[in-house]
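Here's a quick look at the salt bridges in this model. Have the structure open as you read.

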Amino acid sequence: MQLIDIGVNLTHPTFARDPRAVLARAHAAGVTQLVLTGTSLTESEAALTLCRELDESRQRLFCTAGVHPHDASQWTSETAIQLKDLLAEPEVRAVGECGLDFNRDLSPRAQQERVLEEHLQLAVETGLPVFLHERDADQRLADILRPFRDRLSAAVVHCFTGEKRALYAYLDLDLHIGITGWICDERRGTHLHPLVREIPASRLMLESDAPYLLPRTLRPKPKGGQNEPAFLPEVLREVARHRGVGDDELAATSTACAQQFFGIDPLIQREQC
């Protein structure tokens, strides 16, 4: 069984001490390919550097490049130029993390919306898919995406935590959906249990969002309570249980979905070449 973690924040300071050990544990757990999330120009550059330093084979690590809505107020015309340069690098497989966050509102909403549109335009120009963030803004996100959708190759709402209305709106736009350990949280994630059955297998991907969102169903609990990609199989098990399918089946379909979305070659096929 092989898994792809489509969203891991490997540039987070908590991973800085020994990122190779983090990857070794992930690979031992069957998480053989990972997409590192870029959340700012600096973090996107750092993610690209990690891909090159930690994956000499160029088969296992990939990344995104973008500016998180929390930092939308920092966006300038120069940001767009630098980001477009990053998006031309072969390891960079998606535009983002970008989107709307009307929960914390760390940047003005109007600025978030403008910066999202800038990202979507870059995705149209480059042909890359979009890695989206959304909190308490599903209707506005859908409204902004709709005029761009026919010109976008693909887009995923990562770490989906919304309600049925939001899910159906995203599926109507032919978006992909990323599920994290939020579904393992008995305090706030149980509404996802019936909803994951509604996601077509060709649109469902899995992610750790590490070091955040440690699956609360995980036993034993790791010391320090920090999530990492090696725990993605726990998300797989929870999602498979609520979809009524076997772990192996979900692993196969979610991995194939992620490989197609990000343009990642199957690892076994590449190693046999």
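## Salt bridges in the predicted model

In this predicted model, R52 and E89 pair up in a salt bridge, with their closest N and O atoms 2.6 Å apart. R52 sits in helix α2 (residues 41–54), while E89 belongs to the loop between α3 (77–87) and β4 (92–101), so the contact ties together parts that are 37 residues apart in sequence. R52 is partly exposed, at 35% relative accessible area, and E89 is partly exposed too, at 27%.

How many salt bridges does the count come to? The total is 18, and here are some of them:

| Pair | Closest N to O distance |
|---|---|
| R52 and E89 | 2.6 Å |
| D105 and R109 | 2.9 Å |
| D185 and R187 | 2.7 Å |

Take D105 and R109, whose side chains meet at 2.9 Å, N to O. D105 is partly exposed, with a relative accessible area of 33%, and R109 is partly exposed as well, at 40%.

Now for D185 and R187, a salt bridge with 2.7 Å between the closest N and O atoms. Is D185 buried or exposed? D185 has just 4% relative accessibility, and since buried means under 20%, it counts as buried. R187, on the other hand, reaches 56%; the cut-off for exposed is over 50%, so R187 counts as exposed. And which residues are joined into one network by salt bridges that share partners? They are D185, E186, R187, R188 and R216.

Note on methods: Residues are numbered from 1 along each chain as its sequence is written. This is a predicted model: local features need pLDDT of at least 70, side-chain atom pairs count only at pLDDT 80 or more; totals for chains, interfaces and linings use all residues. Side-chain values use heavy atoms; hydrogens and water are left out. A salt bridge is a side-chain nitrogen of Lys or Arg within 4 Å of a carboxyl oxygen of Asp or Glu. Helices (H or I, at least four residues) and strands (E, at least two) are DSSP runs, numbered from the N terminus. Buried means under 20% relative accessible area, exposed over 50%, partly exposed in between (1.4 Å probe, protein chains only).
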